[in-house]
Amino acid sequence: AAVPSKAQLPRSLAGVGGRSSEAFPTPGTVGKAVATGGGEDVKEGRTHASVHGVKNGDSYLLWELKKVSTDSSWVTNEYAEAQLHDIVRRMRARTEAYKEKLTDALLSSPEASPTACKSLQFSIAKLEEDHYCDLWCYKFKRPALKKYLKIIRLPESIDAYTDHYYVVWLLLVTIAYNWNCWFIPLRCMFPVQTSSNLFYWIIIDILCDICYLCDLLIFQPRKQFVKGGDIIVSKIEMKEFYQKSLKFRFDLASVIPFDVLYVFFGFNPMFRANRVLKHNTFFEFNDRLEAILDKAYIYRVIRTTGYLLFILHINACLYYWASDYEGIGSTKWVYDGKGNMYLKCYYWAVRSLITIGGLPEPQNLFEIIFQLLNYFLGVFVFSSLIGQMRDVIGAATAGHNYYRSCMDNTISYMNTYTIPKMVQNRVRNWYEYTWDSQGMLDESELLEQMPAKMQLAIAIDVNFAILNKVDLFKGCDTQMIYDVLLRLKSIVYLPGDFVCKKGEIGREMYIIKQGEVHVLGGPDSTKILVTLKAGAVFGEISLLAAGGGNRRTANVVAHGFANLFILDKKSLHEILVHYPDSKRILMKKGRVLLKEKGKTTDGPNQQARGLASLFGPKPQTPKLFRALLGNSSKGGIGMLLKLKIKQANQRRQKEKREIQITKEKKPKAEAEPQTPSEQKEEPLANSQPLPNSGLHRGITNKSLIVTMSPSTTAGEGEILTVEVKEKKQE
């Protein structure tokens, strides 16, 4: 089919491709936010499309493809028809999206944000196109340099003491430094650098130089430093500080490119000898690595062994140089040229430097001087390295040696005084368990060397969670709890040891850190009342009890090996002086705990002396009687009883006086003879009543006084005194 030109198309259709102004109505002319796509009427050869859309939420984009004449003068292009179908399909999808947008306001707009200008779009597209690379027949995208730097994320400043990434970088520089230290002498003395492998040597040298340059230009100028107690993180000040240091001068000297002299003198590795001046970075890596390792002594042993191997390596290189100077195989002393030249020379260096002996005797003056210098150097270096190795191993085992020394001294002391074997075995068990569980005998000795702030930080991380569970300290000042943490002492109890016994004076509170304890009770104190596990607390009432109320009420025995924290009463009182609010809270809680446990005093029931042994333990006075009796003898029932007794005495005296007056007024009757029965009854009437074992109601002129007084001897309780007194006649 013939393709019609743009001039042959209707004006409305030409506006679709040419963006005619007639195809785009002004904003507001269309009031519907709906897009409808008309179908195609292929049967009549007509195409209708009517599209209404939304642009930016306020103006509408309208393409209206009007009737296309089916005149026989031209035929519709298939490509144009396919494009129209695609437009209709996309506009329908857009209509559905806007319908969802209208029904659900949370959906985001499907349209992309409008671009600022065409030129910006073109520049971005071109920039992205520039990062595409062609490799053979495949085109791939290469990220920009800024993206690489963003991935690396170089910090503005580096903390050399805490940044582990910096330690990794120092490891790379150390590897490059060791390459130069080991292989520059090897390449200078041994004929290992040839024209066939020269390319590989140069490549590795370039990589090492790149590490040196990156460390000089990027990492070292970013290191933080301390000035007047302040940590300096300014770029300019860090750079100036590094440039003024001696390390910068060595680093700068180590990267001077003497390699350019290869052009004039050939590839001589001696021109790279300045690379060994990077030794400061090597020692810095050792310090940083030892600081982060848990067992730094292992690395120290490896490093000292490396020093010994390096000195033997240098000695082997010198021996091959001397053999080459004298002539390979010219004498019995020099290298004979057979076998692996490096291994043969290294074997000679080991036997010579460590003075093993059994080597061929030097033949001439040069060989004698060389051998003498080698012996002197070997004695000095080997003895120094052996001493350093001894110090490293001694420092690693210093704690264990101290433990063995203490244990041996204790056993020797017990043997001197013939301590029973059972006690000695328990002492040995305590030493072994304490060392195995915490790696030291007394951890407080280690913490005492630190400042108080660091001790507090460690104590908070280790023990705060345990102490915070104690109900006694809930609601107290946090700083007071921190002070208590510093006063806690750790102690280990063996299986069967009594933590505290019934009747003892309680001066400590116990917190179980590890293990279990049994609380014993019953008639013979062998019944297990309760088992306390890790995190439990007991003995807290003894810290706050006053007036003799701090005696233990039960036996507490360690079930197995138990590690406990102890807080003594003296330390707590010294702390509470500075925290009066917390002191009031603790005292209130102490009274509540005493009341809940029915403990007015913690003292045991001691055996009474004298008449007090006839009575049982004194029961507690009921609350109602205490309220009626009052606090003193001047009120309550006591006062009422006294008044009653007084009134009864007055009434009896009054009756006696009346009877006496009546007898005086009455005339005396004549004496009449009495019958024998009356004579028999009269003595009985005048006689005193016989005493009875029971109690009789009546009034007597004697009173019984019972008093309780404290004993003059400490620990004997109170003394019961009973006195009988006669009342005075009024």
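**Notes on a predicted model**

1. Start with burial: 27% of the chain's 730 residues count as buried. Keep in mind as you read on that this is a predicted model.

2. As for the overall make-up, the chain has 24 helices and 18 strands. Its accessible surface is about 50,600 Å², and carbon and sulfur atoms contribute 60% of that.

3. How do the contacts spread along the sequence? If you take contacts in the chain with a separation of 6 or more, 65% of them are between residues 24 or more positions apart.

4. One helix pair to look at is α11 (residues 296-326) with α13 (residues 365-396): their axes lie 9 Å apart, and the packing angle is about 175 degrees. Angles over 145 degrees count as roughly antiparallel, so that is how α11 sits relative to α13. Sorted by class, the contact between α11 and α13 holds 19 nonpolar residues, along with five polar and three charged ones.

5. Next, find strand β15, residues 555-558. Are its faces covered or open? Both are covered: N555 and V557 are buried on one side, and V556 and A558 are buried on the other.

6. Strand β15 also has pairing partners worth tracing. Strand β10 (residues 498-500) pairs with β15 in the antiparallel sense, over two bridges, and here F498 is the residue opposite V557. Strand β12 (residues 517-521) is antiparallel to β15 too, joined to it by four bridges. In that pairing, V517 stands opposite A558. Both of these β15 residues, V557 and A558, are among the buried ones in point 5.

Key. Residues numbered from 1 in each chain as written. Predicted model: local features only at pLDDT ≥ 70, side-chain atom pairs only at ≥ 80, totals over all residues. Heavy atoms only, no water. Axes fitted to C-alpha atoms, helices over the stretch in contact; angles between N-to-C directions. Parallel < 35°, antiparallel > 145°, perpendicular 65-115°, else oblique. Nonpolar A, V, L, I, M, F, W, Y, C, P; charged D, E, K, R; others polar. Buried < 20%, exposed > 50% of the residue type's maximum accessible area, 1.4 Å probe, protein only. Contact = heavy atoms within 4.5 Å. Areas by Shrake-Rupley, 256 points an atom, 1.4 Å probe, with all protein chains shown as cover. Pairing = 2+ DSSP bridges.
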